[in-house]
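New notebook page today. I want to look up a few strands and some charged pairs, and jot down what turns up.

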Amino acid sequence: MNNHEILELKISAMSGDASGIARTSHGVVFVHGALPGEIVKAEIVARKKDFSIADTVEIIKNSQGRAVPKCKYYGRCGGCQLQHADYETQLKLKAGTVRDSMTRLGGFKPELFENLTCEPSPEFWNYRNKAAFPVQGFKNKIVTGFYRAGTHRLEFIRQCPVNAKRLNEIYGKILDGLEKNKFPFDGYDEQTNKGKLRHIIARTGINTGESLLSFVINGKLSAKSVKSLVSLGNSARPDTLTLNHNSKPGNVILGTYTENLIGPGLISEKLGKYKLMFDTTSFFQVNTGQAEKLFSYASGLADGDKNILELYSGTASLTCYLAENAEHVTSVEEWRSAVKTAGKNLSSNGFSNNVETLCGRSEDVIADLRDKYDSVVLDPPRDGCERSVLEAVNKFGVKKIIYVSCNPATLARDCKILASHGYGLIKIKSFDMFPQTAHVETVALMTK
């Protein structure tokens with residue numbers, strides 16, 4: 001099988017990155033832009049030891065679930081992977097991804113997932129409450145947009161149909177300013193770690209209408225440069241404007257120090273009956289409406305538990321839901337500014353007395369905990385839990401584990417470890433937190 005060879009392929013499944021999977025006598029081929037059930041002509045663009053990668057060049061037999069992408073940048077911008085599938089098909093494919101990961105990687109019996117579905121998002125366009133736009137210098141101009149799939153090459157865009165309308169308004173104003181004005185700074189070059197403006201971050205409260213704009217900068221800025229950024233930010237009329245300082249080489253977006261230029265540096269969102277604040281750097285679920293549904297479901301699994309340990313607790317969004325019916329919640333979060341914001345959120349929602357927030361890495365803090373917990377709630381980042389965390393949870397002798405995951409592969413891996421300690425998978429439910437993309441959120445309940 002040579003590179004750039006055209007093959008006719010039958011697509012039998014979908015991979016975790018939303019590529020179609022074709023099985024041939026030469027091995028597996030991952031086909032960009034193809035859906036299960038389709039027959040396509042595809043061009044091989046890369047050949048690896050155990051698999052090949054191909055692009056769809058012609059669809060011979062369509063899937064009934066195929067749709068016309070809404071975004072004109074789709075296929076070049078790497079933000080979305082499933083706009084070529086209608087929404088019902090997206091939900092089925094995501095449930096299939098979780099089912100495949102749990103059986104193939106986790107080793108769980110297929111019958112556990114016969115009724116697994118993916119909960120639809122209340123909105124599947126204009127739902128994102130946060131957008132981060134990388135910035136680069138190009139031919140003496142500052143350009144921004146989103147990265148192309150699998151690269152750090154920018155695709156210039158003007159509008160994004162999955163971003164909230166307020167984010168598109170802010171971004172449009174910033175683009176106008178960048179195109180019309182000459183600035184005393186330039187865009188960032190990741191290769192040389194030079195250039196001042198690295199990222200533009202916009203956040204909004206879907207239910208409150210509040211907005212935050214932040215410029216991520218590399219190194220110190222002159223007074224003239226700061227004034228230029230303030231003027232540019234004011235054109236978008238955010239409720240608060242910040243500078244985040246990040247001088248470290250590489251592609252990590254945010255630094256640890258944020259400077260408030262206008263406003264308090266915080267905005268609020270309403271989830272159910274809870275009003276929650278977050279800042280430039282805090283993690284907050286990007287899909288407000290779906291977050292309400294997920295948190296209600298996850299906290300419902302802990303109903304009746306008096307003493308709860310929550311790891312990776314962020315700004316206390318899920319903590320509020322858990323604390324409503326618990327006598328005591330111990331929440332653990334390593335990002336210091338998130339812990340500070342969590343304290344404000346817990347206080348403003350009436351949970352100062354029954355929640356203790358600890359700042360530190362979960363794998364470090366958990367070693368010193370001695371309480372008896374009725375349940376442990378895990379909500380780790382995409383990499384999942386450190387094995388030491390899972391081992392410590394098992395040593396607690398806790399009977400119930402509620403695991404919230406944004407990555408089916410690491411969920412399967414971690415649930416397999418817990419199963420080896422005698423925990424059984426009792427319930428599993430997926431939520432489409434990220435419509436039009438390959439990503440899916442899942443809540444698993446394991447008990448002993």
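First entry: is strand 21 (residues 400-405) largely enclosed by the rest of the structure or left exposed, and why? I'm working with a predicted model here. I went through the strand and found that 6 of its 6 residues are buried, so strand 21 is largely enclosed by the rest of the structure. I looked at each face too. Lys400, Ile402 and Val404 are buried on one side, and Ile401, Tyr403 and Ser405 are buried on the other.

Next I looked up the pairing partners of strand 21. Strand 20 (residues 375-378) pairs with strand 21 in the parallel sense, over 4 bridges. One spot to click on is Val376, whose bridge partner in strand 21 is Ile401. I also noted that strand 20, helix 8 (residues 387-396) and strand 21 make up a right-handed β-α-β unit.

Strand 23 (residues 441-447) came up as well: it runs antiparallel to strand 21, and 6 bridges join the two. There I picked out Ser405, which has Thr442 in strand 23 as its bridge partner.

Second entry, on another sheet. I traced an open sheet of 6 strands in the order 1-5-6-4-3-2, and its pairing is mixed. At the edges I found strand 1 (6-10) and strand 2 (13-14), each pairing on one side only. Inside that order, strand 4 (residues 27-32) and strand 6 (residues 51-61) pair in the parallel sense through 5 bridges. Val28 has Phe51 of strand 6 as its bridge partner.

Third entry: how many salt bridges does a search of the whole structure find? I got 17. I opened up three of them.

- Lys41 and Glu58 form one, with the closest N and O atoms 3.9 Å apart. This pair links distant parts of the chain, since Lys41 sits in strand 5 (residues 39-47) and Glu58 in strand 6, 17 residues apart. Lys41 is partly exposed at 33% relative accessibility, and Glu58 is partly exposed at 40%.
- Glu88 and Lys92 form another, the closest N and O atoms being 3.4 Å apart. Both lie in helix 1 (residues 87-105), 4 residues apart, or about one turn of the helix. I found both of them exposed.
- Arg361 and Glu363 come to 2.6 Å between their closest N and O atoms. Arg361 is partly exposed, with a relative accessible area of 36%, whereas Glu363 is buried at 19%.

Last jotting: Arg76, Arg148 and Glu155 are joined into one network by salt bridges that share partners.

Definitions and conventions. Residues numbered from 1 in each chain as written. Predicted model: local features only at pLDDT ≥ 70, side-chain atom pairs only at ≥ 80, totals over all residues. Heavy atoms only, no water. Buried < 20%, exposed > 50% of the residue type's maximum accessible area, 1.4 Å probe, protein only. Pairing = 2+ DSSP bridges. Right-handed = clockwise from strand over helix to strand, strands pointing away. Salt bridge = Lys/Arg side-chain N within 4 Å of Asp/Glu carboxyl O.
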